[in-house]
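Subject: Structure for you to look at

Dear colleague,

I am handing over the structure we spoke of, with the sequence alongside. Please open it first and then read the notes underneath.

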Protein chains: 2
Amino acid sequence: MSDQKKSKGLEEAPLMQKITSLCKRRGFIFQSSEIYGGLKSAYDYGPLGVELKRNIMAQWWKSMVHERDDIVGLDASIIMSPKVWQASGHVSGFSDPLVDCKTCKTRFRADKAPVVEVGSEVEYRASGKTIKGVAAKPYVCPECGSPDLSDERDFNLLFTTNLGPVKNEDSTCYLRPETAQAMFVNFLNVQSTYRMKPPFGIAQQGKSFRNEITVEHFIFRSCEFEQMEMEFFTPPEEARAWLDYWKDERFNWYVNLGCKKEHLRLRAHEDDELAHYADGCYDIEYLYPWGWDELEGIANRTDYDLRKHQEASKKKLTYFDPQKINPETGKPGHHYLPYVIEPAAGATRAVLMFLLDAYEEEPPSEGRKEGRVVLRLHPKLAPIKVAVMPLVKKDDWLTGTAQDIIKTFRKNSVNAFYDEKDAIGRRYARQDEAGTPFCITVDGQTKEDGTVTLRYRDDMRQERIKIEDALSIVNAKLLE
Amino acid sequence: MSDQKKSKGLEEAPLMQKITSLCKRRGFIFQSSEIYGGLKSAYDYGPLGVELKRNIMAQWWKSMVHERDDIVGLDASIIMSPKVWQASGHVSGFSDPLVDCKTCKTRFRADKAPVVEVGSEVEYRASGKTIKGVAAKPYVCPECGSPDLSDERDFNLLFTTNLGPVKNEDSTCYLRPETAQAMFVNFLNVQSTYRMKPPFGIAQQGKSFRNEITVEHFIFRSCEFEQMEMEFFTPPEEARAWLDYWKDERFNWYVNLGCKKEHLRLRAHEDDELAHYADGCYDIEYLYPWGWDELEGIANRTDYDLRKHQEASKKKLTYFDPQKINPETGKPGHHYLPYVIEPAAGATRAVLMFLLDAYEEEPPSEGRKEGRVVLRLHPKLAPIKVAVMPLVKKDDWLTGTAQDIIKTFRKNSVNAFYDEKDAIGRRYARQDEAGTPFCITVDGQTKEDGTVTLRYRDDMRQERIKIEDALSIVNAKLLE
């Protein structure tokens with residue numbers, strides 16, 4: 001990790017603590033199996049969190065699949081044939097270098113450990129004492145700082161299980177570590193049944209699993225996570241132009257959903273960073289509390305994957321273009337393996353990013369003696385779009401009218417929340433923390449003139465509107 | 001399996017074959033990892049199938065979560081703490097009785113094998129000959145009919161894997177065999193953060209995994225499947241009334257989404273069928289090609305699960321109701337474990353059911369020399385809501401106008417499909433097979449008067465409508 005990445009490290013604890021605490025307190029994200037002491041890096045999405053995640057994933061699907069003629073969807077099984085992962089190289093090569101600390105017994109990833117100079121003197125703690133030692137490797141234990149370490153061993157990140165009643169090598173299969181391979185093995189099925197012609201894409205969302213040793217930063221890196229990946233199959237000569245196109249397209253997707261532009265950057269991979277199969281790759285990075293780090297990767301995977309699967313399966317995976325000139329014969333009609341541009345986003349990671357980016361604490365101000373916590377989520381992402389509240393709950397006319405307004409929203413698929421508990425100020429504060437962009441209050445004046453109070457989350461402005469205008473005002477913001 | 005269930009068995013092959021073939025041909029469902037010869041009972045949802053499944057699941061979420069004040073959502077991790085499955089009884093008791101046939105080496109489930117009388121004479125085939133034998137058990141081999149069988153052994157259905165770099169008992173964990181347990185272990189977290197008061201429910205959708213030996217009927221029973229479950233926590237004395245309520249509510253959900261009422265029935269479990277923890281259970285059954293079989297179960301699970309988790313975790317999982325009279329003291333203020341009513345539906349199974357129910361072959365008729373295959377899916381479930389087509393693709397004005405119409409639909413989140421390939425009749429036929437309820441054709445007359453042809457899938461009626469009315473006409477059917 002570069003210094004730049006670490007530069008904001010000091011601020012990490014407070015903001016991450018606040019987010020984690022808000023997530024638990026308000027029902028965004030809980031530790032999984034909490035009553036049993038939890039499970040390493042596993043998280044459950046509560047009532048607000050599941051809506052936020054669903055909204056992010058729905059926006060991605062809308063922009064990637066529904067709004068385009070050239071991309072279609074796929075939803076493949078998590079347990080695929082083990083031959084897929086043999087061909088893709090994951091069975092033999094998808095591993096991390098692990099090291100054991102002989103002093104404190106911690107097991108850690110060599111490539112994530114603190115860097116030192118080989119031969120330099122280091123200090124570390126053991127049995128309550130400070131000890132001096134000499135670094136034999138270019139890193140020390142991340143826990144105690146000891147240079148007394150085992151050799152590196154490769155640890156494969158695939159989760160294995162067994163299909164069928166007998167546990168042996170023949171029945172071994174894997175939980176997918178990425179959704180991408182399903183698009184490659186289904187390439188011809190999708191292309192032919194849907195009569196697609198490159199350039200075209202296949203998009204998929206779903207869970208993936210990696211047996212990570214180093215899990216970190218709440219939901220940023222966990223063993224079970226959710227992906228949003230799209231494989232865009234193009235004629236080889238168009239691949240670089242499409243890489244360019246997709247890096248911008250994906251960058252703008254985050255910006256259009258309200259992410260602050262100054263918290264995002266595009267970073268081209270250096271040559272020595274590139275995966276062996278890639279011809280160019282960009283990371284969309286976000287300025288997390290611990291510094292710039294990955295949010296999404298957009299890679300030119302060339303024809304590496306299709307070629308590997310063609311070799312292993314002995315099935316021809318080329319596309320036949322009757323118009324395209326065959327370079328060998330000089331005549332129209334060419335079979336070729338398309339190149340692939342892959343924008344690979346993490347839904348889980350996007351949840352964390354949007355929460356961090358939307359979080360704000362406002363101090364008390366003139367006319368408001370209490371400060372507030374507000375999640376400035378884009379209305380399209382907000383778990384609840386509008387809260388509808390009777391000013392007092394003992395008045396049947398007020399509660400009934402509020403329920404009628406709720407029904408109108410629900411009929412039109414706008415997620416509305418009814419709240420009658422506590423004073424109105426506390427109810428507004430709860431909705432601010434939940435990121436709800438609009439609150440509608442039914443009060444005494446409603447009886448007289450059929451108007452309600454519309455209160456805006458962002459500037460706390462309030463205005464009287466007619467009940468019958470409520471849906472179109474809220475909807476206008478959602479369709480913007 | 002009862003005779004009644006088998007009664008329609010003869011018709012199974014043709015319709016199931018037609019559905020499987022349509023699914024593959026049109027990109028609803030592919031065999032997983034097909035280029036590698038497939039994987040036992042694993043399936044991938046193609047471009048149309050993923051939309052159908054998403055629509056079914058979205059309708060469920062809308063009716064269960066968004067349209068109600070008393071149910072909230074959850075999305076828990078697939079790999080939970082192993083202690084959850086120890087407490088729930090799955091580790092010790094979630095098993096099938098397996099038997100090996102000594103004649104043909106088939107391994108099968110004793111409870112699914114053909115029933116015979118113990119001591120009766122049976123005939124079976126071995127090495128090409130017909131052999132007579134005597135039944136030593138109340139069943140014979142489902143493959144060859146042999147009575148020469150091993151003893152029954154319990155085979156646990158949990159998929160196991162290992163979390164972390166060391167494979168041993170301590171690192172063993174399980175892929176969830178149901179989503180339900182996550183709602184029980186998160187009961188208090190959700191209740192308190194969202195301030196819910198029983199009766200209230202927690203709903204979840206997601207993948208579950210069971211290492212089934214007998215997989216059958218295409219996607220009906222597979223090892224990896226997708227669930228839609230809701231746990232409704234109620235005061236114990238209200239549980240039976242809520243079971244009644246939910247069985248009707250869930251039955252009507254299918255009917256309202258277009259499933260033929262005569263293909264559905266509610267069946268109360270006999271006492272000897274009931275799970276040991278259940279106080280009453282209904283199956284919603286569908287008339288599949290192989291007979292009546294399960295679509296969804298609605299059970300009164302009593303306080304069995306919460307009690308088990310309370311005992312195992314040593315965490316109090318009772319709800320405190322300050323108004324409720326404590327039966328021991330006779331005063332207000334009572335801690336109690338709620339009862340749970342669980343409507344448990346299969347998303348994967350619902351996909352198959354809706355496809356079967358919607359499938360129709362129409363013979364040629366007067367004025368139409370070719371028959372057609374049509375999927376009469378409810379517009380809310382149809383993968384594509386509207387196809388927009390220029391009559392001819394060489395006319396830029398027609399194609400441009402069609403694209404403009406598409407844009408209007410997409411802006412309003414109506415999934416629209418652009419098609420310019422082949423003659424218009426073939427394009428209509430393709431949309432009929434995909435279940436698309438509306439087609440809009442832009443033609444020469446559009447240039448003159450701004451009208452387009454709206455063609456209805458179900459009766460093939462065509463009418464001229466104004467371009468600007470297209471969205472509201474289609475939307476009206478979707479909101480019905």
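The notes below go through the domains, the relation between the chains and the interface.

Please keep in mind throughout that this is a predicted model. The domain assignment of chain A gives three stretches to look for: domain 1 (3–92 + 159–355), domain 2 (95–156) and domain 3 (384–478). Between the centres of domain 2 and domain 3 of chain A, taken over C-alpha atoms, the distance is 57 Å.

Turning to the two chains, a turn of 180° with a shift of 0.0 Å along the axis lays chain A on chain B with an RMSD of 0.2 Å, and the two copies are thus related as by a two-fold rotation axis. The C-alpha of chain A nearest that axis belongs to Thr161(A), which lies 2.6 Å from it.

As for the interface, 92 residues of chain A are in contact with 92 residues of chain B, and because 100% of the interface residues of chain A are also interface residues in chain B, the copies meet through the same surface. Together the chains bury about 7,700 Å², with 52% of this area on carbon and sulfur atoms.

Six salt bridges are found across the interface of chain A and chain B, and the side chains of Arg195(B) and Asp422(A) form a salt bridge at 2.9 Å, N to O. There are also 48 residue pairs in polar contact between the chains. On the side of chain A that touches chain B, helix α3 (residues 47–66) gives the most, with ten residues, and by class this side has 40 nonpolar, 24 polar and 28 charged residues.

With best wishes

Methods
Residues numbered from 1 in each chain as written. Chains lettered and ligands numbered in written order. Predicted model: local features only at pLDDT ≥ 70, side-chain atom pairs only at ≥ 80, totals over all residues. Heavy atoms only, no water. Domains from an automatic or database assignment. Least-squares fit on C-alpha atoms with pLDDT ≥ 70 in both. Contact = heavy atoms within 4.5 Å. Buried area = accessible area lost by both parts, 1.4 Å probe. Salt bridge = Lys/Arg side-chain N within 4 Å of Asp/Glu carboxyl O. Polar contact = N/O pair within 3.5 Å; in protein donor to acceptor, adjacent residues only side chain to side chain. Helix = DSSP H or I, 4+ residues; strand = E, 2+ residues; numbered from the N terminus. Nonpolar A, V, L, I, M, F, W, Y, C, P; charged D, E, K, R; others polar.
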